[in-house]
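I set out to record what can be looked up around the ligand and along the backbone. The entries follow in the order in which I made them.

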Amino acid sequence: MTALSVSQRPGDPPAPRRRRARRPARGIVLNVVAVAAGLAAWTGLSASGIQGLTGPVEVAVRGAELIADGTLTADLLASLRRVFTGFALGTALAVPVGFLMGWYATARALIEPYVQFFRTIPPLAIIPLAILLMGIGETPKVFVIFLAAFLSSVVATFQGVMDVDKTLINAARVLGASDRVIFLKVVVPASTPFIIVGMRVGLGAAWGTLVAAELIAAQEGLGYRMQQAQLYYDLPTIFVGLISIGVLGLAMDRLLQLAERRLTGWQERR
Amino acid sequence: MTTKISFRGVSKTFALKDTDFLALDRVDLDIADREFVTVVGPSGCGKSTLMSMAAGLVEPGTGEILLDGAPVAGPGPDRGVIFQQYALFPWLTVRKNVEFGLNLAPVPAQERRERAQRAIDLVGLTDFADALPKTLSGGMKQRCAIARAYAVNPKVLLMDEPFGALDALTRVQLQDQLLDTWSQERRTVMFITHDVDEAVYLANRVIVMAARPGRVHRVIDVDLPYPRTEELRLSPEFARIRNEVWHSVYHQTSAHAE
Ligand SMILES: Nc1ncnc2c1ncn2[C@@H]1O[C@H](COP(=O)(O)OP(=O)(O)O)[C@@H](O)[C@H]1O
Ligand SMILES: [Mg+2]
């Protein structure tokens, strides 16, 4: 082969340069303003004497106490351990099962009725059954979280596999790719964005299920701590629990979002 | 001249909900080695189906397709296919896209890199070798797809309306580039288009197809010398052939009745 026309053509965009898009500073300022305004409103409301509503300062003090005596850390760890175990098991099973369902019509026909059926049952409704069958230890809680994560991830994965552009598969086949290569080099990367979206939904589901599971039967964990606080009319502790749950949930979602951006930055956004 | 691709009595029926749809009806067509054949015809006349069968992506219903005298059994790197929708792997850079086919063959790493680089240089994407497809214009994407096909050095190029989605200027540039490469390396090319000008400008022979059922309607020789130039495009001889092709594409009922 000889180089015939290496010059740049008139219609070509300029050669790409690596540049990190600058985050609009204005947005961050507005974020901070909004949070500050919210805290001020909260302070105002509690000062105006709504029955029993504690202010941010009290909550911060209680938070510091709970951190100092180790309770908050222990609760956080207990909750995180549950959610990660359930979530990891759930997605670890969901991804291969989702691929199986997307790739083989037989597997799809066999598995889909179960997935669709169990998806209509809120995972929390499984708790009574899980407790009867698995006792009141860690197992039923992890199981319910596992189920929540599995069900949302599996659907996303198999949708992703089914939606892989047939032209891409054909393009690989005409270059000589075997079924195995097509699966590993085309189907897996092409469905990654779907899988990650499924994981984000799954994590949300796992997180939501966790707290509820702990409200019902646990000896430690954020949900348990809030349940106890309710018995003793301990509002600051409840707020500390709520804020911890929110902050952790947000942090985990951001982490997955980061992974998403790294792994699926090749997507064309319209 | 030896025959490279041969369609022998090829028919294809698609089962629709309640009827069978005859998409191709007994197509006989020989494409010679190193020939540049273009296929035009109304939408739905089976052009893509015919090409997909040569590519090995679709099986003929009846009849057979021979490549170098042997029946086509599935796709293979001896036939490069270029799709209208580019079909680049969006998660791979231009270079990795071009290397995709080479990775599947027992090509040593060093040679793989060189061949990919040559193909990238050939289509003028040298400065974009490490760019992702999403940063490329339509014309550049198609050049990348062409480089990917060239890299595995196929004997046959099957192109399904490859320039159909591009603007007029880009299209003309890519036509000239394609002819340049073809005149140097002389692959056999089967090129589908709905653009009569493009069909005549590129081809040794234009295959005009008709619809319902899809079939070969007429074969028109293009007795114009290569290299084809701007001048030639404006010549009366070119106009005459183009009118002939145009007429047989757009007035098929009358042409058929003769
Ligand atoms: N897989 C398929 N199932 C059913 N009908 C099909 C299929 N592929 C093509 N057809 C039909 O066959 C005809 C020819 O299609 P195609 O080869 O794509 O035509 P062209 O490329 O000339 O526009 C069209 O009417 C199309 O709807
Ligand atoms: Mg077509």
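**Ligand 1 and unusual backbone sites in chain B**

I began with the polar contacts of the ligand, bearing in mind that the model is predicted. A polar backbone atom of Lys47(B) lies 2.9 Å from an oxygen atom of ligand 1. I then asked how much of ligand 1 the protein buries. Taken alone, ligand 1 exposes 550 Å², and the protein buries 61% of that.

I looked for further backbone contacts of this kind. For Gly44(B), I found a polar backbone atom 2.8 Å from an oxygen atom of ligand 1. For Gly46(B), a backbone N or O atom is 3.1 Å from an oxygen atom of ligand 1.

Next I listed the surroundings of the ligand. Ligand 1 is surrounded by residues of chain B that include Ser43(B), Gly44(B), Cys45(B), Gly46(B), Lys47(B), Ser48(B) and Thr49(B). Phe14(B), Leu16(B), Phe21(B) and Ala23(B) also belong to these surroundings. I sorted the shell by residue type and obtained 5 nonpolar, 5 polar and 1 charged.

Which elements give two or more residues to the shell around ligand 1? I noted β2 (20–32) and α1 (47–55) of chain B. The largest share, 3 residues, comes from α1(B).

I turned to the peptide bonds. The bond from Arg212(B) to Pro213(B) is cis, with omega near -10°. I placed Pro213(B) in the loop between β9 (205–210) and β10 (215–221) of chain B. The bond from Tyr226(B) to Pro227(B) is also cis, and its omega is near -5°. Pro227(B) sits in the loop between β10 and α7 (230–233) of chain B.

I then checked for positive phi at residues that are not glycine. Asn153(B) has a positive phi of about 55° and is not a glycine. This residue, Asn153(B), is in the loop between α4 (138–151) and β7 (156–160) of chain B. Glu161(B), likewise not a glycine, has a positive phi of about 45°. I located Glu161(B) in the loop between β7 and α5 (168–185) of chain B.

As a last entry, I asked whether Glu161(B) is buried or exposed. The relative accessible area of Glu161(B) is 13%, and the cut-off for buried is under 20%. I therefore entered Glu161(B) as buried.

Terms used
Residues numbered from 1 in each chain as written. Chains lettered and ligands numbered in written order. Predicted model: local features only at pLDDT ≥ 70, side-chain atom pairs only at ≥ 80, totals over all residues. Heavy atoms only, no water. Near = heavy atom within 4 Å. Polar contact = N/O pair within 3.5 Å; in protein donor to acceptor, adjacent residues only side chain to side chain. Areas by Shrake-Rupley, 256 points an atom, 1.4 Å probe, with all protein chains shown as cover. Helix = DSSP H or I, 4+ residues; strand = E, 2+ residues; numbered from the N terminus. Nonpolar A, V, L, I, M, F, W, Y, C, P; charged D, E, K, R; others polar. Buried < 20%, exposed > 50% of the residue type's maximum accessible area, 1.4 Å probe, protein only.
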